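Visitor: I have a few short questions about this model. Can we take them one at a time?

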Amino acid sequence: MRNALRLALLGITAVGLGTLACAPQEPVKSVVKDTKDRKHAPEFELKDVNGKVVHLADYKGKVVLLDFWATWCGPCGIEIPWFVEFQRKYKDRGLEVVGISMDDDGWKAITPFVGEHKINYRVLLGDDKTGDLYGGVEALPTTFVVDREGRVASVHVGLASKKDFEDAIEQLLQTPAAPVSAGTPDHRGA
Amino acid sequence: MAPTLKVEPVPTVKAKKGGETTVTLKATLPAGYHANSNKPSEAYLIPLTLKWTAGPLQLDGITYPKPEMEKYSFSEKPLSVVTGEFAITTKFKVPADAQNGPAAQTGTLRYQACDNKACYPPKSVPVNITVSVE
């Protein structure tokens, strides 16, 4: 009788474990939108510190982390060292970080900050027009992660999670760049 | 959404020639937001600043609200901020040769606000008071 009970309990345990093993895994929640839900990131024309005009199209084929920030923004200062790290870590795989500063004081404020924080990616001087193109950027930081096809794959408003950025970058970098068609000028790279 | 600092209208200020007068501005930030105080704890932060630009009165000093030291998720150290309702007091001297009658005293109140995760561009609120010089 005791053995029969033991066997029954073992059976129940085995069925339970089997059920767990076969249970569908909870999908990891991604911050990256499905490709069908992504919209093209608006084109912009802004200048860098050297006065060079930069367009988003210059980065075609790259994954772009587009960070709207300002020197007076505390939460931006938390994220910027992450972006410096990402630029170093993922540049060779096709990531470009681009900072769009919304400082009213322009390069006078930005240049010392860039040096102090050892920013290793391109910084552009933003304006309200560009902010409006991107849905009226008011809260800083606001960061758009753009896929290799120039579509917005994720948007992060306010201080976000480093892991969310990194997961998005890793996921988007896994998609190979589309081949550049013959005769199309290649403006890639900063 | 960017918060708006509301400044209460100030009743007409009576000013005697050759004397002194005080103007108190009462301002309110919505709950959940803070603005840097007049003396922020970090050099990169934009201070709360009242500037009087025109009018019959002569500036004699501004007293800003006592800041609170608050810790936020984006700051390692507590920050010197103002929240909720606060007052800014300005002392004026009334020139002996000021013209009699009502006149406008104008200025701007500049602030830069944040919540716990994001910051918003600095804004300037116009300040207009009516001064009755006697």
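Guide: Helices and strands here are DSSP runs, numbered from the N terminus. Keep in mind that this is a predicted model.

Visitor: How many helices and strands does chain A have?
Guide: Read along the sequence, chain A runs α-β-β-β-β-α-β-α-β-α-β-β-α. That gives chain A 5 helices and 8 strands.

Visitor: Where is Ala70(A)?
Guide: Strand β4 of chain A covers 63-69. Helix α2 of chain A covers residues 74-90. Ala70(A) lies in the loop between β4 and α2.

Visitor: Is Ala70(A) buried or exposed?
Guide: A residue is buried if 20 or more other C-beta atoms lie within 10 Å of its own. Ala70(A) has 26 C-beta neighbours inside 10 Å, so Ala70(A) counts as buried.

Visitor: How far apart in space are Ala70(A) and Met102(A)?
Guide: Setting aside neighbours within four places in sequence, Ala70(A) contacts Cys76(A), Ser101(A), Met102(A), Asp103(A) and Leu140(A). Met102(A) is 32 residues from Ala70(A) in sequence. From C-alpha to C-alpha, the two are apart by 5.3 Å.

Visitor: What share of the 190 residues in chain A is buried?
Guide: Ala70(A) is one residue that counts as buried. Across the 190 residues of chain A, the buried share is 32%.

Visitor: Which helix gives the largest share of the side of chain A that touches chain B?
Guide: The contact takes 13 residues from chain A and 14 residues from chain B. On the chain A side, 9 are nonpolar, 3 polar and 1 charged. The largest share there is 3 residues, and they come from helix α2.

How values were computed: Residues are numbered from 1 along each chain as its sequence is written. Chains are lettered from A and ligands numbered from 1 in the order in which they are written. This is a predicted model: local features need pLDDT of at least 70, side-chain atom pairs count only at pLDDT 80 or more; totals for chains, interfaces and linings use all residues. Two residues are in contact if their C-beta atoms, placed from the backbone, lie within 7 Å. Helices (H or I, at least four residues) and strands (E, at least two) are DSSP runs, numbered from the N terminus. Ala, Val, Leu, Ile, Met, Phe, Trp, Tyr, Cys and Pro count as nonpolar, Asp, Glu, Lys and Arg as charged, and the others, Gly among them, as polar. A residue is buried if 20 or more other C-beta atoms lie within 10 Å of its own, exposed if 12 or fewer, and partly exposed in between; C-beta atoms are placed from the backbone.
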